[in-house]
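Student: Could you show me how to read helices and salt bridges in a model like this one?
Tutor: Sure, let's bring it up on screen.

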Amino acid sequence: MSCLENEGKKGNMPVTEVTVQGEEGAPGKKWGAETELTLQEAVEKSIRKKFHRSVFTPFAKALNQYQLLKEGDRVAVCISGGKDSMLMAKLFQELLRHRKFHFELVFLVMDPGYRDSNRRQIEHNARILGIPVTIFESDIFDSVYHVEKSPCYLCARMRRGHLYNRARELGCNKIALGHHYDDVIETILMGMLYGGQVQTMMPKLHSTNFPGMELIRPMYLVREKDIKHWRDYNGLKFLQCACRFTEQCQVSSADGSSASKRQEIKELIRRLREINPFVEGNIFKSVENVNLNTIIAYKKDGQRHHFLEEYFSGKDLEE
């Protein structure tokens, strides 16, 4: 094989850190009577066997296609406690077994003010899955509690800033987030239908506030249905939403979009798929096949360009 921007900056608060070492499954518990495998072993076997084509292959393809991982990288694999980031951590561990060049991993969990039950759930899953996580605490939930305008957007920016900062302190040059293929196509449609713009969730980005740091999304080509299948097949339970202030979380992604809007888009895509089974792939490819000659206007590095700029010069002559 050959870190969205505007992230928040770290405040001047003390950080508490806890390291949770992984185990070979729950003490005394066997998973699969025939083979006497621990849960951790069964999960890892499922990645190598049953889910190799549907999960590991697109994970590895994204790393290659978008050049997300290079020799000498030290990557902070950011774990929120949900299915996507937990699977990403296991995929990175599997990749480490077959690595063709040297790279290092840090499994990083930020506690922004979780309820005790959610914190315990994350620590429990890390232990039974054999993921040696480093947990640090922040006061983000307290900081955004009284914010009335776009608290979810502010929370997302602050979370990312804290992750960048802690990762850098740990000697990492990249942070890895668990956004998957479905997140990408939903973001494209949300931008068009609710934001009036054409944009996508990029597979990698340079940080603006933390020079030398990058954000990568190794799950970029992995489908959500396959992540759910892996979770259910192994009988795993992960956090659905850890928002401390709402019974039903108002955020479903790190870009601060509301769960209700994203759910509307999920339902729209489902209905479109009934008419055209290739609709998801076509949405994804649409931002790979942009013809600037047929675009009224676009922005590049913050500067707006209009088709009339070239129209009057005759550069748009029809072949």
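Tutor: We'll take one helix, then some salt bridges. This is a predicted model, where local features need pLDDT of at least 70, side-chain atom pairs count only at pLDDT 80 or more, and totals for chains, interfaces and linings use all residues. Residues are numbered from 1 along each chain as its sequence is written, and side-chain values use heavy atoms, leaving out hydrogens and water.

Student: How many residues does helix α7 have, and how many of them are buried?
Tutor: Helices are DSSP runs (H or I, at least four residues), numbered from the N terminus. Buried means under 20% relative accessible area, exposed over 50%, partly exposed in between (1.4 Å probe, protein chains only). Helix α7 covers residues 181-195, 15 residues in total. Of these 15 residues, 11 are buried, so α7 is largely enclosed by the rest of the structure. Among the buried ones are Y181, I185 and G191.

Student: What makes a salt bridge, and which residue does R48 pair with?
Tutor: You need a side-chain nitrogen of Lys or Arg within 4 Å of a carboxyl oxygen of Asp or Glu. That rule gives 21 salt bridges here. R48 pairs with E94, their closest N and O atoms being 3.4 Å apart. This pair joins distant parts of the chain, with R48 in helix α1 and E94 in helix α3, 46 residues apart. R48 is partly exposed at 32% relative accessibility, while E94 is buried at 7%.

Student: Where does E186 of α7 come in?
Tutor: E186 belongs to a network of salt bridges that also links K83, D84, E224, R262 and K266.

Technical notes: Helix = DSSP H or I, 4+ residues; strand = E, 2+ residues; numbered from the N terminus. Expected span 1.5 Å × (residues − 1).
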